[in-house]
Amino acid sequence: MCGMTYTCTEWFRSYLVGRRQHVRSSSSTLAPAFIMCGVPQGSVLGPILFLLHTADLLSLIERHGFIPHLYADDMQILGS
């Protein structure tokens, strides 16, 4: 994975796997639910993980004739 060692990859995995979240309002709290995807908002690793995820996407999208539009942490793919 992008030249990372097994130990480094496992560290990232432990950061992302097994996370839970719950919703709380002024009168009640829902039971925690496991999060299956995504990166914690506002996390230090968020931008790094986004770059790793999208590193090869640009060339892949262009190779198939689509037009990519990237901005910060968002991507649009245009095609017809």
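Helices (H or I, at least four residues) and strands (E, at least two) are DSSP runs, numbered from the N terminus. With that in hand, here are some exercises on this predicted model.

**Exercise 1. Work out which pattern of helices and strands the chain follows along the sequence.**

Solution. Start with the tally: the chain holds 3 helices and 4 strands. Next, walk along the sequence and note each element in turn, which gives α-β-β-α-α-β-β.

**Exercise 2. Decide whether the chain is spread out or a compact globule.**

Solution. First take the radius of gyration, which is 17 Å. Then turn to the globule rule, which gives 12 Å for 80 residues. The chain's value is well over that, so the chain is more spread out than a compact globule. For its extent, the C-alpha trace spans about 50 × 35 × 20 Å along the principal axes.

**Exercise 3. Find what share of the residues is buried, and what supplies the exposed area.**

Solution. Buried means under 20% relative accessible area. By that cut-off, 11% of the 80 residues count as buried. Turning to the surface, the chain exposes about 6,800 Å², and carbon and sulfur atoms supply 60% of that area.

**Exercise 4. Place Leu57 in the chain and classify its exposure.**

Solution. Begin with the element: Leu57 lies in helix H3, which covers residues 57-63. Now check its relative accessible area, 24%. Partly exposed residues fall between the 20% and 50% cut-offs, so Leu57 is partly exposed. Finally, compare Leu57 with Ala31: they are 26 residues apart in sequence and 36 Å apart in space, C-alpha to C-alpha.

Notes. Residues numbered from 1 in each chain as written. Predicted model: local features only at pLDDT ≥ 70, side-chain atom pairs only at ≥ 80, totals over all residues. Heavy atoms only, no water. Rg over C-alpha atoms; globule rule 2.2 N^0.38 Å. Buried < 20%, exposed > 50% of the residue type's maximum accessible area, 1.4 Å probe, protein only. Areas by Shrake-Rupley, 256 points an atom, 1.4 Å probe, with all protein chains shown as cover.
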